[in-house]
Amino acid sequence: MQRLFQSTDISILVLFRIAFGVLGFADVIGTILHEKTRNNLANATFNFKYYGFEWMPTLPEWGLLLFMVAMIILALFIALGHYYRWCTVLFAIGFTHFNFTEVTQYLNHGYLFCWLSVVMCFLPAHRCFSLDAKRNPAIYSDTTARWHIWLLAFLMGVVYFYGGLAKINTDWLHAQPLKIWLQAKRNIPLIGSLISQDWVAWAMSYGGLALDLLAVPLLLMRRARLVIFIFILLFHFINTLIFQIGIFPLLSIVLTLFFFPPDLPRRIFYYFLKKYPIIERMTGVSSSAATLFFDNYKMPTLATRRMTTGILIAVCLFHLLIPFRHHFIPKHVAWTEEGHRYSWRMMLRGKTSSGYFIIKNNITGEETKEYGTKHLTSRQRRKMRSNPELILQYAHYLRDTYKEEGQDVEIYAHIKVGLNGRKKQAYIDSTVDLAKEEYPFFGHARWIMPIKWERE
C-alpha cells in the first residue's frame, strides 16, 4: 500500500492537465458547431434518459449554448492551471450532466472523459507549470503521489484490454462491420479506392484485435514500449483519417504516455530548452533549472492512506467488473444491447432499422401508426429503433401522452433490424403490449426477438 503514496515526478500529470483542458475545449467546440447534436439535445419533444438519471433536466437551445460557453472557459482555465480546483469540479459536474442528458448521444470517449473529469478533481495537476503555482508559490512541487499516475494508466489499460476482448466474436473475426463501413468510404479522395478493398477490412480487424489485447502487456515491458507506442500512434492516425471519431484518438495517445516514465515530458522539455535558446526566452524558464528539483510532497497519514486505498480498490473493481455484466445476460449483446454501454464495445456493430408503433385505443379499438417523426429528431429515431431499452422508453412516453388526453391505449412495436450486413428481421415481438412492460436492466427482456445469424 505504501508504494501507492511514494512520490514521483509530476510532469506527466501536468502534461495531461494541459491536454485534458485542450481536448475538453475541442470537444465542446465540436458540439457547438455540430447542429444535429444541438438539435438532438435541445429541440426534441422527448429525451431518452439513462437508468437512474431520469431526473436530469434538459436545457433549451439558448441555455445549452450559454452552458457550452461556460464549459469552454472552464476547460481553458484547467489547461492553464487557473483556479484549478474549482474549475475541475465545475467542469466534472457540467460534462457529466451533458453526457447523461440524452442516451442517444452516448459515446465511449464521452463516458471515459466523464470519469477522467471526476478523477481530475482529486489530482494536484496544478502544482507545477500553472497560474495557480505562479500566484501561490507555496503549492509548487515537482512531485506527486504514484497513485495519481497509476490510476490514469489503469483507466487507459481497461479501455485497451476490454476493447480487445470484445472483438473476439464471430462478426469481427469475419471483418464485419468494417467491410460495410469501409465500402461506404470508397468515395474519399486519394484513399477511398484503397480502403474499400476487402483485405484492408481484414487487416484492420485482426490488427485492431491484436493491438488492443497486446497493448498493455507490451507497454509494461520497457524494451517493447516504444515499438508498441509507434503502432498505437499509427492505429489512431488511421482511425482518425477514416472515421473522424473526435477527440478519442488524441485522448488515448496522451493517456498511453502514462505507461512511460513519469519524468519523460520534463526530460523532453529541457532537451529542447537547451537545444533552442529561443524557447528559454519565450517561456522565461531557465535551462539551468533542469538540475533543480523541488519536492514538498508529504506522505499522507495512515488513516488517509487507508481510506484512499479503499476508494481506489472500489473504482478499479467497478471498471474491471462492469464490462463483464453482459455475459450474465442471455442472448447476444450486439443484438439486444443489454449490457452494451460502459463495456468498451467499440465499433463492433452496424445496424439498419425500420418500423413503426401501433397505438390501439382500448375503448374504440381504433389503431394509429406512429413513426416518431412528431416527437423525435432523426438521430433519436435511428438510435431508438435499434435499441430495445429506447423502444420501450418511447412506448411508455406514447402511453403517458395518450393517458394525459384521457385515452387508454396499448402500444405494439413493428420494428425490423439488420445487424452487420444481415437482412432485416423482426426485432420486437409485435404481439406484446409494451405499455405494460418494464425494462429488466439486469436481465433479458422477453419481448426481444431472437436473431437469425445467417447472412443474406
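## Exercises on a predicted model

Leu434 makes contacts with Phe357, Ile391, Leu392, Ala395, His396, Ile411, Ala413, Ile428 and Trp447, leaving aside residues up to four places away in sequence. The model you are looking at is predicted. Let's work through it together.

**Exercise 1.** Find out which residues have the most contacts inside the largest nonpolar core, and which helix gives the most to this core.

*Solution.* Step 1: start with the core itself, which has 102 residues. Step 2: look for its best-connected members, which are Phe16, Leu116, Phe357 and Leu434. Step 3: turn to the helices; H7 gives the most to this core, with 11 residues. Step 4: check what lies apart from it, and you find another core of 13 residues, including Trp172 and Met204.

**Exercise 2.** Decide how helix H7 is oriented relative to helix H16: roughly parallel or roughly antiparallel?

*Solution.* Step 1: locate H7 at residues 146-166 and H16 at residues 302-321. Step 2: their axes come within 10 Å and cross at roughly 10°. Step 3: angles under 35 degrees count as roughly parallel, so H7 is roughly parallel to H16. Step 4: see who meets whom; Trp147, Phe154 and Tyr162 are among the H7 residues in this contact, and Leu312 and Cys316 are among those of H16. Step 5: sort the contact by class, which gives 9 nonpolar, 2 polar and no charged residues.

**Exercise 3.** Is His109 buried or exposed?

*Solution.* Step 1: find His109 in helix H5, residues 108-120. Step 2: buried means under 20% relative accessible area. Step 3: His109 has 10% relative accessibility, so His109 counts as buried. Step 4: list its contacts beyond four places in sequence: Asp27, Ile245, Ile247 and Phe248.

Conventions:
Residues are numbered from 1 along each chain as its sequence is written. This is a predicted model: local features need pLDDT of at least 70, side-chain atom pairs count only at pLDDT 80 or more; totals for chains, interfaces and linings use all residues. Side-chain values use heavy atoms; hydrogens and water are left out. Axes are lines fitted to C-alpha atoms, for helices over the stretch in contact, and angles run from 0 to 180 degrees between N-to-C directions. Helices (H or I, at least four residues) and strands (E, at least two) are DSSP runs, numbered from the N terminus. Angles under 35 degrees count as roughly parallel, over 145 as roughly antiparallel, 65 to 115 as roughly perpendicular and the rest as oblique. Contact means heavy atoms within 4.5 Å. Ala, Val, Leu, Ile, Met, Phe, Trp, Tyr, Cys and Pro count as nonpolar, Asp, Glu, Lys and Arg as charged, and the others, Gly among them, as polar. A nonpolar core is a set of buried Ala, Val, Leu, Ile, Met, Phe, Trp, Tyr and Cys residues joined through side-chain atoms within 4.5 Å. Buried means under 20% relative accessible area, exposed over 50%, partly exposed in between (1.4 Å probe, protein chains only).
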